[in-house]
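Biologist: I am new to this structure and would like a close look at a single part of it, set against the chain as a whole. Could you take me through it with care?

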Amino acid sequence: DILLPIVEKLRKGVAVNIELSHKTKSGKMIPVEINAHSFIFNRTKFVLAIVRDIRIRNENVKVLIFSK
């Protein structure tokens with residue numbers, strides 16, 4: 001499973017930044033960037049994950065590559 005190494009890194013306190021595909025409510029797959037890290041607050045361990053839609057960024061990268 002692709003998530004097991006990510007979970008292990010978070011358990012060790014290592015921040016994770018990864019690009020994956022996400023399935024929307026409509027069933028469409030879109031590219032996303034996940035930035036996650038773990039922290040302890042009031043003796044409880046938490047994971048904070050920010051997920052960003054990177055379709056526009058990927059399109060801009062393609063435009064830059066093809067414009068050279």
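Modeller: Accessible areas here come from the Shrake-Rupley method with a 1.4 Å probe. On that basis the protein chain, which is a predicted model, exposes about 5,900 Å², and carbon and sulfur atoms supply 61% of that area. The part to look at closely is helix α2, which covers residues 55-67. To place α2, begin with the chain around it: there are 2 helices and 3 strands, and reading along the sequence gives the pattern α-β-β-β-α. The radius of gyration of the protein chain is 16 Å, well over the 11 Å that the globule rule gives for 68 residues, so the chain is more spread out than a compact globule. Along its principal axes, the C-alpha trace spans about 50 × 30 × 25 Å.

Turning to the helix itself, α2 has 13 residues and reaches 18 Å from its first C-alpha to its last, which is close to the 18 Å expected at 1.5 Å a residue. This helix is hardly covered, for the count of buried residues among its 13 residues is 0, where buried stands for under 20% relative accessible area. In the protein chain as a whole, buried residues make up 13% of the 68 residues.

Two further values complete the setting. Among contacts between residues at least 6 apart in sequence, 18% join residues at least 24 apart. The chain also carries 13 positive and 6 negative side chains, and the centres of these two sets lie 3 Å apart.

Notes
Residues numbered from 1 in each chain as written. Predicted model: local features only at pLDDT ≥ 70, side-chain atom pairs only at ≥ 80, totals over all residues. Heavy atoms only, no water. Helix = DSSP H or I, 4+ residues; strand = E, 2+ residues; numbered from the N terminus. Rg over C-alpha atoms; globule rule 2.2 N^0.38 Å. Buried < 20%, exposed > 50% of the residue type's maximum accessible area, 1.4 Å probe, protein only. Contact = heavy atoms within 4.5 Å. Lys, Arg positive; Asp, Glu negative; His and termini not counted. Charge placed at Lys NZ, Arg CZ, Asp CG, Glu CD. Expected span 1.5 Å × (residues − 1).
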